[in-house]
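Visitor: Could you take me through a close look at one part of this protein, starting from single residues and working up to how its pieces pack? I am new to this, so please explain the words as you go.

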Amino acid sequence: MASPAPLVASISHQMVALQTLQLLQQEWGWGDDPGTPRSPRDPDHVSASPARRSGPRRARPGREEGGGDRGARNEGSGTRASSPEVEVVRGAEGGVELLPFPPDHRPCSLARMAMRSALARVVDSTSELVSVEQTLLGPLQQERSFPIHLKDSVEFRNICSHLALQIEGQQFDRDLNAAHQCLKTIVKKLIQSLANLPSDAHVVACASLRQILQNLPDI
């Protein structure tokens, strides 16, 4: 009976990477729960988009409540928009404070949507890979040994850990793309390893792995 140790170690590294990415999703409010509060690290948390003034002391059009209000109103008059991302309220000393709208009411740029989608694909595909390895590949390796490229899973874990330290920008995009490509490499090498088995026991596992690849198009 072949030892499952290499596969177990590989799964362990992938689980660390998966947990890291899931925590990143939650921290940015990009998880499955739309009510998850956003962190200040969220790229959309503070927006430079136009703001509309609202609050308990909002004046009706054509009326003035005083010099201070008129000044604040004049400053914001040229920056109103039909789809604001922040709410402007009066501060304690007459200033203004930007409060983010709930996540489900804040518009998101195409770049942010693409980033969120790419991260979700990596998370979902990693979860699927771990499930296939645990339920299908584990029993197979106990019957017959096949190569496991542990270093790829270690690299994947390290990339995800570095990705979690980024806020946004080109480095985040590079790390996310690197995680995407590394995950594809892991899946492709597993398919190659299983293809060399003499029996047909690997057919279901290979089909499941190929489905994961289909969910990881080039980005």
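Guide: Let's begin with a word we need: a residue is buried when its relative accessible area is under 20%, exposed when it is over 50%, and partly exposed in between (1.4 Å probe, protein chains only). The model is predicted, so local features need pLDDT of at least 70 and side-chain atom pairs count only at pLDDT 80 or more, while totals for chains, interfaces and linings use all residues. Residues are numbered from 1 along each chain as its sequence is written, and side-chain values use heavy atoms, leaving out hydrogens and water.

Our first stop is T20, which sits in helix 1, residues 5-27. Helices here are DSSP runs of H or I with at least four residues, strands are E runs of at least two, and both are numbered from the N terminus. T20 counts as buried because its relative accessible area is 18%. Setting aside residues up to four places away in sequence, T20 touches C160, S161 and A164, where a contact means heavy atoms within 4.5 Å.

V8 belongs to helix 1 too, but V8 is exposed, because its relative accessible area is 52%. Its C-alpha atom is 8.1 Å from that of G138, although 130 residues separate the two along the chain.

Now for the partner of helix 1. The axes of helix 1 and helix 3 (residues 110-143) come within 10 Å and cross at roughly 155 degrees. Such axes are lines fitted to C-alpha atoms, for helices over the stretch in contact, with angles from 0 to 180 degrees between N-to-C directions. Helix 1 and helix 3 are therefore roughly antiparallel, a label for angles over 145 degrees (under 35 is roughly parallel, 65 to 115 roughly perpendicular, and the rest oblique). The crossing of helix 1 and helix 3 is left-handed: the near helix is turned anticlockwise from the far one by less than a right angle, whereas clockwise would make it right-handed. The residues of this contact divide into 13 nonpolar, 9 polar and 1 charged. Nonpolar covers Ala, Val, Leu, Ile, Met, Phe, Trp, Tyr, Cys and Pro; charged covers Asp, Glu, Lys and Arg; the others, Gly among them, are polar.

Staying with helix 3, look at S125, which lies in it. S125 is buried because its relative accessible area is 4%. Apart from residues up to four places away in sequence, S125 touches L183, I212, N215 and L216.

From there we can move to L190 in helix 5, residues 170-195. L190 counts as buried because its relative accessibility is 7%. Beyond its neighbours within four places in sequence, L190 contacts L129, E133, L137, I148 and L209. The C-alpha atoms of L190 and F146 are 8.8 Å apart, with their positions 44 residues apart along the chain.

L190 also takes part in a helix pair: K184, V187, K188, L190, I191 and L194 in helix 5 meet A205, C206, L209, R210, I212 and L213 in helix 6. That contact divides into 9 nonpolar, no polar and 3 charged residues. The axes of helix 5 and helix 6 (residues 203-214) come within 10 Å and cross at roughly 155 degrees, so this pair is roughly antiparallel, and its crossing is left-handed.

Finally, step back: the protein chain has 6 helices and 3 strands, and buried residues make up 37% of its 219 residues.
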